[in-house]
Amino acid sequence: MQPLLSRAIDGYLDDLAAAEISDPVLTDMERRASELGFPIVGRAAGRFLEWIAGLAGASRVVELGSGYGYSAYFFARAVGEAGEAGEVVCTDGDPDNAELAEAYLRRAELWDRIDFRVGDALTAFAAVEDPVDIVYCDIDKDGYPDAWAAAAQRLPVGGLFICDNVLWYGRVAGVAPEEQDPQVAAAQDAVTPAIRAMTREITDDPRYATTLVPIRDGLLVARRIA
Ligand SMILES: C[S@@+](CC[C@H](N)C(=O)[O-])C[C@H]1O[C@@H](n2cnc3c(N)ncnc32)[C@H](O)[C@@H]1O
């Protein structure tokens with residue numbers, strides 16, 4: 001994807017984050033994404049997810065849209081930080097992604113912290129029992145408002161709702177990426193209102209204190225305060 005920051009700055013942030021974890025499993029996952037054009041969150045944002053989950057002392061994370069487990073890799077490291085048995089509940093509609101995630105995360109010795117549920121993410125989320133410390137949303141963008149609605153009333157005070165792609169290549173601010181396939185551009189345009197609506201709803205919600213971190217394609221972090 002065309003980065004919002006310049007390629008040089010994006011690369012600089014990824015390189016700094018890459019220096020912190022040297023794991024051939026992670027580089028294999030990144031190679032797959034690059035070869036197949038699969039939209040993983042990337043190294044700098046992944047390390048941010050791990051860092052903030054550690055800061056929040058999270059022991060249970062629910063991911064909505066896990067792909068083949070790249071973002072879950074970072075959350076799984078964070079929930080094990082305190083030496084306690086934390087858990088990451090992964091969800092994805094594609095069973096092949098679940099198989100790939102198991103293969104990668106077993107190799108990384110993180111699979112024992114993962115509960116991977118195949119099917120619709122919001123249906124799976126509804127069946128997850130409390131406690132849930134973090135909900136991480138990365139599903140199809142037209143599903144964002146419903147994801148927020150489901151998470152907002154579930155999270156406890158201190159819990160985090162984190163959502164990827166909230167800058168949506170700049171489209172939320174009326175900026176369009178250069179040199180884009182017109183069909184891709186139209187598809188992105190079609191879901192921009194859903195991302196904007198969700199973001200506005202969250203920032204207006206007095207139960208949550210919200211910030212938007214412009215790493216890669218923008219990560220929204222909303223912390224429940226009331
Ligand atoms: C952007 S990718 C996830 C990437 C992953 N979070 C990472 O950074 O490694 C989105 C994934 O969500 C899945 N997905 C999209 N909408 C979904 C839904 N409503 N329910 C379940 N899975 C969904 C897709 O199959 C895809 O694998």
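This passage describes the sheet, the core and the ligand surroundings of a predicted model.

The sheet comes first. Seven strands form it, and the sheet is open. Their order is S3-S2-S1-S4-S5-S7-S6, with mixed pairing. Strands S3 (114-118) and S6 (208-213) are the edge strands, and each of them pairs on one side only. Neighbouring strands of this sheet are turned against each other by 15° on average, direction ignored.

Strand S1 (residues 60-64) sits between S2 and S4 in the order. S1 is mostly covered, with four of its five residues buried. Three bridges link S1 to S2, and the two strands run parallel. Within this pairing, Val-61 has Val-88 in S2 as its bridge partner. Four bridges link S1 to strand S4 (residues 134-137), again in parallel. Here Val-62 stands opposite Val-135 in S4. S4 in turn pairs with strand S5 (residues 160-164) in the parallel sense, over four bridges. In that pairing, Tyr-136 stands opposite Ile-162 in S5. A helix also meets the sheet. Helix H5 (residues 95-107) lies across S2 and S3, and runs at about 165° to S3.

The interior was examined next. In soluble globular proteins, nonpolar side chains tend to be buried together. The largest nonpolar core of this model holds 66 residues. Phe-75, Val-135 and Ile-162 have the most contacts inside it. Helix H4 gives the most to this core, with eight residues. Val-135, in S4, touches Val-62, Leu-64, Ala-151, Leu-155 and Phe-161, when residues up to four places away in sequence are left out. Val-62 is thus named twice for Val-135: as a contact and as the residue opposite in the sheet.

Helix H4 spans residues 70-79 and is mostly covered. Ten of its ten residues are buried. Among them are the aromatic residues Tyr-70, Tyr-73, Phe-74 and Phe-75. Arg-77, a charged residue, is also on the buried list.

The ligand was considered last. Its shell has 19 residues, of which Val-41, Gly-65, Gly-67, Tyr-70 and Ala-121 come nearest. Tyr-70 is also one of the buried residues of H4. H4 and strand S2 (87-92) each supply at least two residues of the shell. By class, the shell has six nonpolar, eight polar and five charged residues. H4 therefore appears in two settings: it contributes to the largest nonpolar core, and it supplies residues around the ligand, as a helix defined by its run of residues.

How values were computed:
Residues are numbered from 1 along each chain as its sequence is written. This is a predicted model: local features need pLDDT of at least 70, side-chain atom pairs count only at pLDDT 80 or more; totals for chains, interfaces and linings use all residues. A residue is buried if 20 or more other C-beta atoms lie within 10 Å of its own, exposed if 12 or fewer, and partly exposed in between; C-beta atoms are placed from the backbone. A residue is near a molecule or strand if its C-beta atom, placed from the backbone, lies within 6 Å of it. A nonpolar core is a set of buried Ala, Val, Leu, Ile, Met, Phe, Trp, Tyr and Cys residues joined through C-beta atoms within 7 Å. Two residues are in contact if their C-beta atoms, placed from the backbone, lie within 7 Å. Two strands pair if DSSP finds at least two bridges between them. Axes are lines fitted to C-alpha atoms, for helices over the stretch in contact, and angles run from 0 to 180 degrees between N-to-C directions.
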